[in-house]
Amino acid sequence: MRISRRIALSASFAGAVLFSAGGALALDPAARVNPDAGTLELFSFGFKAYQRGEKLEAFEALRYAADKGHPGARWKLGKMYADGDGVPENDYEAFKIFEQIVRDQDEDGGSYTNAAYVSSAVVALGDYLRRGIPKTPVAADLPRARQFYFHAASFFGDPKAQFELGRMILRGEGGKADARQAARWLKLAAEKGHVGARALLGYLLFDGQQIALPAQPVQGLGMLTMALKSASPADAQWIRPLQEEVFSMASEADRRTALAYAEQQMASAGEAASVAKN
């Protein structure tokens, strides 16, 4: 499948707008799914059913909307299959749905409206191609995975894609290894708050050797510490050994300064988030 270069970045895209139908709907939220309803009504009906926890009914409505070409419904179905959310987990079915989203966008010549769905689908395809799907035609293909991540990272500015691309380039997966280039992608993702990118970039900055820069032990340890404190349990499993490694190598003075730096940065981020909500 070809990834179109005509897909445009939509930085102002808001999820709330995607899931808002607006106005009076032909479907009563308490009514059963009407397959003859309009695409937007079906999508809104399905999303509201999902919010109520009625996932079987949500799946049915979203499936009808997806069959009529609604990209948001297709994306949500793909996520439900990928996560086993309300339906049996089926990565191959999810892969086919995400692939169709990207293919349709390619044929349509690009659209700002659907950019967020397409970006997420491209990243999902990269994830599947990186590891493959057992017992299906989807085999692991690291060069293609790297290509998909590059597309989402560069055209959509997707932080997860930027992180995965940076990690692949750092390890030389699917192509040539280049620590300096990897650090640039990790920096872009870290600036958007990606925990994994912040951890890896901090690890590289600590001694600076891999990226041919002067050592920055305080910033490196501080970034790793911030990442560990905000990491999910899954991410903490690989971030903790990195943080403990550099912590053991840092001087006592650098440790104290890095911990103070991490606390200050996290406090500032918390204050900024509070102001943004108000």
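In helix 8, the buried residues are Ala161, Gln162, Phe163, Glu164, Leu165, Gly166, Arg167, Met168 and Ile169. The model described here is predicted. Helix 8 covers residues 159–171. Its buried residues pack against several other helices: helix 6, helix 7, helix 9, helix 10 and helix 12. Helix 12 runs over residues 233–249. The length of helix 8 also fits expectation. With 13 residues at 1.5 Å a residue, helix 8 should span 18 Å, and its end C-alpha atoms are 18 Å apart, so the two values agree.

The chain as a whole is built from helices. There are 13 helices and zero strands. Read along the sequence, the pattern is α-α-α-α-α-α-α-α-α-α-α-α-α. The chain holds 278 residues, and buried residues make up 43% of them. Contacts were also sorted by separation along the sequence. Among contacts between residues at least 6 apart in sequence, 52% join residues at least 24 apart. The accessible surface of the chain comes to about 14000 Å². Carbon and sulfur atoms account for 52% of that surface.

Helix 3 spans residues 55–67. This helix has 13 residues and reaches 18 Å from its first C-alpha to its last. That is close to the 18 Å expected at 1.5 Å a residue. The buried residues of helix 3 include Ala58, Phe59 and Ala61. Leu62, Ala65 and Ala66 are buried in helix 3 as well. The cover over these buried residues includes helix 2 (39–51) and helix 4 (71–83). Asp67 also belongs to helix 3. Is Asp67 buried or exposed? Asp67 has a relative accessible area of 59%, and because this is over 50%, the residue counts as exposed. Asp67 and Thr39 are 28 residues apart along the chain. Their C-alpha atoms are separated by 9.0 Å. Just after helix 3 comes Gly69, with a positive phi of about 95°.

Helix 4 is part of the cover of helix 3. Of the 13 residues of helix 4, 10 are buried, so the helix is largely enclosed by the rest of the structure. Which residues of helix 4 are buried? They are Gly72, Ala73, Arg74, Trp75, Lys76, Leu77, Gly78, Met80, Tyr81 and Ala82. Among them are the charged residues Arg74 and Lys76. The span of helix 4 was checked too. At 1.5 Å a residue, its 13 residues should cover 18 Å, and the end C-alpha atoms are 18 Å apart, which agrees. Just after helix 4, Gly84 takes a positive phi of about 65°.

Helix 6 contains Ser120. The relative accessibility of Ser120 is 24%, so this residue counts as partly exposed. Ser120 and Lys79 are 41 residues apart in sequence. In space, they are 9.8 Å apart, C-alpha to C-alpha.

Two loop residues have positive phi values without being glycine. One of them is Lys135, with phi near 65°. Lys135 lies in the loop between helix 6 (115–131) and helix 7 (142–155). Its relative accessible area is 88%, so Lys135 is exposed. Ala212 has a positive phi of about 55°, although it is not a glycine. Where does Ala212 lie? Ala212 is in the loop between helix 10 and helix 11. With a relative accessible area of 59%, Ala212 is exposed.

The pocket analysis comes last. About 500 Å³ of space lies in the largest pocket. Four elements give two or more residues to its lining: helix 9 (179–191), helix 10 (195–207), helix 11 (217–230) and helix 13 (252–277). In total, 24 residues line the largest pocket. Which residues lie nearest the centre of the largest pocket? These are Ala190, Glu191, Leu201, Gln219 and Met223. By class, the lining of the pocket has 11 nonpolar, seven polar and six charged residues. Helix 9 and helix 10 contribute to this lining, and the buried residues of helix 8 pack against both helix 9 and helix 10.

Conventions. Residues are numbered from 1 along each chain as its sequence is written. This is a predicted model: local features need pLDDT of at least 70, side-chain atom pairs count only at pLDDT 80 or more; totals for chains, interfaces and linings use all residues. Side-chain values use heavy atoms; hydrogens and water are left out. Buried means under 20% relative accessible area, exposed over 50%, partly exposed in between (1.4 Å probe, protein chains only). Contact means heavy atoms within 4.5 Å. Accessible areas come from the Shrake-Rupley method with a 1.4 Å probe; for residues, only the protein chains shown count as cover. On a 1 Å grid over the protein atoms alone, a cavity is a set of points where a 1.4 Å probe fits but cannot get out, and a pocket is an open set with protein on both sides within 12 Å along at least five of seven lines; lining residues have an atom within 4 Å of a point. Grid points are joined across faces, edges and corners, and a volume is the space filled by probe spheres set on the points. The expected span of a helix is 1.5 Å times one less than its number of residues.
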